[in-house]
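Work through the exercises below with the structure in view. Try each task before reading its solution.

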Amino acid sequence: DGTVFREVLLALIEESPGNQTFANYSQQIHDNMQRRQMQWEKEAHPYGSEFAFDTTGQEEVVVWNMYFGNDTAAKHVVDHVLSYMRSSPTWAYNGGTRSWGDAGNNGKYLSTFGTGNSCRGNMHYRSGLNMIPLIEWYRAHPDDLFLLEISMGSLAGQMGNIDNDGATSMMWHAVPYVMDYDPHSGDYGLGFFGNSLENGVYFVVDSELGTLCYLCDLEQNSNGSVTLVPRDSNHINAFFEPLALYMQSEAGTFSRFDLNMKSKQITVSFSATAPGTEHLFSTIRLKLTKTSKERPGSRFEVNGAEVERGAYAIKPASGGATTTVVVNWE
């Protein structure tokens, strides 16, 4: 979960102008992580854990190599992740990194104890953790749809580990005589972190499969535009593959997108503030990131809004109304 430190670093960088303490902290994290990254890029297998079979070190190796611009080293580890994170037409296995051994550490059901067989634990936290490098590599290289398919399986699977009462499970036991969630939560939080960070709308136009909408509802309009309604768990992230544009709402939640490629506009609607929650934020913050040069579009901006600390600051509509802004590009 070294991605946490990247998120801390990005936040410190945004907040550091005029704050020397934050600037010093950000420089320290940057230098420390760059030293680690420079070592990783020299190693044939730059990942590991306390167990030889573990798959928890790959995530941060990819994230930090991508951050410091070494895509060669990052791709090497992404390909390794794909050796145990696969696309499969089955719910429990699509993006479900299998767990070996953790049932003995954290689980209640020792489903294969004494049989000589390994436990078949799917949608373990390794799934949510290893999804991070796959989906971030996809956003940087949007021709690799295969990686998005696997990532979507992981995102959905991590949410499946939460029962109707909100209690979490460490994994789903896939052995035929159990086929149920473990009552213990174990290290579930790591997988949930990946889900919380990367969950969002993913709009894709694929040359073979056509128009796709992951974790969203899609309506194709007569004027050639499309309307997207978020169905993910957070409603704060959206990726538009035809533009390689990543939207993140740091305050406020998305309710709808109207994308018109011909007019080069995206109308973004934010959910109305519920009564009694007006104090949670006074400004909607919308971040726009171009993730890849492999797609057209540049100079993305929000009409009538200024950038503050890395995000567009937008005044919410009053009276419980929906806030709407327009994003333009060249």
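**Exercise 1: A hairpin**

In this predicted model, Gly224 takes a positive phi near 95° in the hairpin of β6 and β7, which has five residues between the strands.

Task: State how β6 and β7 pair, and name the bridge partner of Cys216 in β7.

Solution.
Step 1. Strand β7 covers residues 226–230.
Step 2. β6 and β7 pair in the antiparallel sense over five bridges.
Step 3. Within this pairing, Cys216 has Pro230 in β7 as its bridge partner.

**Exercise 2: The six-stranded sheet**

Task: Find the order of the six strands in the open sheet, and explain why one side of each edge strand is left without a neighbour in the sheet.

Solution.
Step 1. The order is β6-β7-β10-β11-β16-β13, with antiparallel pairing.
Step 2. The edges are β6 (216–220) and β13 (301–302); each has a single partner strand, so one side of each lacks a neighbour in the sheet.
Step 3. Inside the order, β11 (residues 265–270) pairs with β16 (residues 323–328) over six bridges, in the antiparallel sense.
Step 4. One position to look up in this pair is Ile266, which stands opposite Val327 in β16.
Step 5. As background, the strands of a sheet pair through backbone hydrogen bonds, in either a parallel or an antiparallel way.

**Exercise 3: A residue in β11**

Task: Decide whether Ser269 is buried or exposed, and list its contacts beyond four places in sequence.

Solution.
Step 1. Ser269 is found in strand β11.
Step 2. Its relative accessible area is 9%. Buried means under 20%, so Ser269 counts as buried.
Step 3. With neighbours within four places in sequence left aside, Ser269 is in contact with Thr253, Phe254, Ser255, Arg256, Thr322, Thr323 and Thr324.
Step 4. For a distance across the chain, take His141, which is 128 residues from Ser269 in sequence: the C-alpha atoms of the two are separated by 27 Å.

**Exercise 4: Strand β4 and its partners**

Task: Which strands does β4 pair with, and in which sense, parallel or antiparallel?

Solution.
Step 1. β4 and β8 run parallel and are joined by three bridges. Here Val201 has Ala238 in β8 as its bridge partner.
Step 2. β4 and β5 (residues 210–214) pair in the antiparallel sense, over five bridges. Here Phe203 has Cys213 in β5 as its bridge partner.
Step 3. β4 and β5 form a hairpin, with three residues between them.
Step 4. Five of the six residues of β4 are buried, so the strand is largely enclosed by the rest of the structure.

**Exercise 5: Helix α8**

Task: Name the buried residues of α8 and the elements that they pack against.

Solution.
Step 1. Helix α8 covers residues 188–198, and its buried residues are Tyr188, Gly191, Gly194, Asn195, Leu197 and Glu198.
Step 2. These buried residues pack against the helices α1 (3–15), α6 (125–140) and α7 (145–160), and against the strands β4 (201–206), β8 (237–240) and β9 (245–251).

**Exercise 6: The three-stranded sheet**

Task: Give the strand order of this open sheet and identify its edges.

Solution.
Step 1. The order is β1-β2-β3, and the pairing is antiparallel.
Step 2. β1 (121–122) and β3 (180–181) are at the edges with a single partner strand each, so one side of each has no neighbour in the sheet.
Step 3. Two bridges join β2 (residues 172–173) to β3, and the bridge partner of Trp172 in β3 is Tyr181.

**Exercise 7: Two arginines**

Task: Classify Arg299 and Arg309 by exposure, and locate each of them.

Solution.
Step 1. Arg299 is found in the loop between β12 (284–290) and β13. Its phi is near 55°, a positive value in a residue other than glycine.
Step 2. The relative accessible area of Arg299 is 59%. Exposed means over 50%, so Arg299 is exposed.
Step 3. Arg309 lies in the loop between β14 (306–308) and β15 (311–314). Its phi is positive too, near 50°.
Step 4. Arg309 has 42% relative accessibility and therefore counts as partly exposed.

**Exercise 8: The whole chain**

Task: Compare the radius of gyration of the chain with that of a compact globule.

Solution.
Step 1. For 330 residues, a compact globule would have a radius of gyration near 20 Å.
Step 2. The chain has 21 Å, which agrees.
Step 3. Of the 330 residues, 47% count as buried.

Notes. Residues numbered from 1 in each chain as written. Predicted model: local features only at pLDDT ≥ 70, side-chain atom pairs only at ≥ 80, totals over all residues. Heavy atoms only, no water. Rg over C-alpha atoms; globule rule 2.2 N^0.38 Å. Buried < 20%, exposed > 50% of the residue type's maximum accessible area, 1.4 Å probe, protein only. Pairing = 2+ DSSP bridges. Helix = DSSP H or I, 4+ residues; strand = E, 2+ residues; numbered from the N terminus. Contact = heavy atoms within 4.5 Å.
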